[in-house]
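Trainee: Got a minute to walk through this one with me? I'd like to start with how the helices pack.

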Amino acid sequence: AKAWILPKYFDGFPKDSDFELKVEQLPEPKDGEILLEAVYLSVDPYMRPFSRVRMKEGDVMIGAQVAKVVQSRNPLFPEGSHVISRSGWRTHTVSDGTGVILLLSDWPADVPYSLALGAIGMPGLTALYGLEEVCQLKAGETLLVNAAAGAVGMVVGQIAKLKGCRVIGSAGSDAKVAYLKELGFDQAFNYKTVQSLEQALREAAPEGYDCYFENVGGAFSSVAIPLMKPMGRIAVCGAISTYNDTTPQTGPFPHLTMIMNQIRMEGFLVGRWEHKNKESLRRLLVWKQEGKLKCPEHVTSGFENMPAAFMGMLRGENLGKAVVKA
Ligand code: NDP
């Protein structure tokens with residue numbers, strides 16, 4: 001068994017030397033335990049900020065994986081079944097089943113298991129809850145989403161279109177922008193090459209934005225918030241532009257616009273609505289099966305390439321969900 005550990009906390013943008021590959025000797029599973037083998041592993045932005053708060057130096061990198069039960073002494077997890085496990089960056093895990101979730105029993109044969117880490121998994125749920133619970137998005141409204149060609153953003157835009165909204169997305173390459181337009185986004189632009197972010201946002205929605213699904217934070221937000229309509233809602237999902245900062249960003253925050261326009265801004269974690277996950281995953285799966293939800297993935301092969309896949313995702317190399325095939 002192999003595992004990737006983080007000997008020292010990240011300092012700035014992660015680099016190769018931050019990660020160490022370790023060989024682990026696993027015990028035989030005891031009564032009630034299972035042996036899991038990673039099939040697909042997730043690399044997600046949260047791993048960067050959470051490494052400081054949920055990990056100690058020397059711990060195995062945190063993260064979820066789709067794993068196969070290869071040995072079972074627990075009747076709840078039959079051998080050969082597939083599960084989602086928060087085992088971290090490990091090839092194999094002996095578990096007593098705590099926090100291990102079986103994939104939907106009727107997971108269709110033509111849907112890759114990797115989607116259980118993406119559009120039919122945590123990022124898809126994040127998109128759904130951010131739109132429905134936090135933004136309370138209604139038909140006919142105009143929505144802005146950034147990091148729109150990523151795992152969460154792409155589902156956000158597609159669900160908003162299904163709900164009859166006008167959707168504007170930003171992403172970091174022309175290829176991503178072209179793909180968003182193919183998906184049916186009403187407007188999309190490359191935030192790295194526009195002359196003025198403010199002008200691009202104004203031109204895309206001269207009437208302003210009812211809802212803003214925030215994945216990026218930092219300077220983007222300072223420009224976008226003043227362009228919200230009165231009674232606008234902001235779902236603060238992520239702030240990836242700040243995750244590698246060594247000193248916290250300070251800067252003008254548009255308090256006055258928020259007051260004058262009575263904007264509601266709410267941070268959220270996907271886990272708040274865990275009790276709804278089963279039915280929500282089914283809704284996502286149905287959209288996928290009906291061809292209404294496209295779920296592109298950026299697949300890196302080989303467990304040894306986990307750090308490269310993680311750093312590549314932070315740099316924006318992924319179109320859709322970034323996963324590693326073990
Ligand atoms: P993505 O698949 O969107 O991958 C991250 C993307 O972020 C990159 O592809 C890159 O795309 C973009 N990015 C990187 N650096 C910057 C930057 N400085 N400015 C703007 N964009 C940047 O990841 P996810 O969909 O998994 O996550 C998206 C956001 O949602 C993250 O902020 C994450 O932390 C958050 N999240 C929050 C959850 C919650 O419960 N609140 C749950 C899951 C995710 P590009 O080419 O466009 O720059």
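**Helices, ligand and domains**

Mentor: Sure. P123, G124, T126, A127, L128, G130 and L131 of helix 2 meet A151, V152, V155, V156, I159 and A160 of helix 3. Contact here means that C-beta atoms, placed from the backbone, lie within 7 Å. Helices (H or I, at least four residues) and strands (E, at least two) are DSSP runs, numbered from the N terminus. This is a predicted model, where local features need pLDDT of at least 70, side-chain atom pairs count only at pLDDT 80 or more, and totals for chains, interfaces and linings use all residues. Residues are numbered from 1 along each chain as its sequence is written.

Trainee: What classes of residue make up the contact of helix 2 with helix 3?

Mentor: There are 10 nonpolar, three polar and no charged residues. Ala, Val, Leu, Ile, Met, Phe, Trp, Tyr, Cys and Pro count as nonpolar, Asp, Glu, Lys and Arg as charged, and the others, Gly among them, as polar.

Trainee: And at what angle do helix 2 and helix 3 pack?

Mentor: About 45°, with the axes 8 Å apart. That makes helix 2 oblique to helix 3. Angles under 35 degrees count as roughly parallel, over 145 as roughly antiparallel, 65 to 115 as roughly perpendicular and the rest as oblique. The axes are lines fitted to C-alpha atoms, for helices over the stretch in contact, and angles run from 0 to 180 degrees between N-to-C directions.

Trainee: What about helix 2 and helix 8?

Mentor: Those two pack at about 95°, with their axes 10 Å apart. So helix 2 is roughly perpendicular to helix 8. G124, L125 and L128 of helix 2 make the contact with N277, S280 and L284 of helix 8.

Trainee: Switching topic: which residues come nearest to the ligand?

Mentor: G150, V152, G172, G238 and G316, out of 31 around the ligand. A residue is near if its C-beta atom, placed from the backbone, lies within 6 Å.

Trainee: Which element gives the largest share of that shell?

Mentor: Helix 3, with three residues. By class, the shell has 18 nonpolar, 10 polar and three charged residues.

Trainee: How is the protein chain divided into domains?

Mentor: Into domain 1 (2-118 + 296-325) and domain 2 (122-271), with bounds from an automatic or database domain assignment. Their C-alpha centres lie 29 Å apart. The contact between them takes 13 residues from domain 1 and 15 residues from domain 2. The ligand shell draws at least three residues from each domain.

Terms used:
Contact = placed C-beta atoms within 7 Å.
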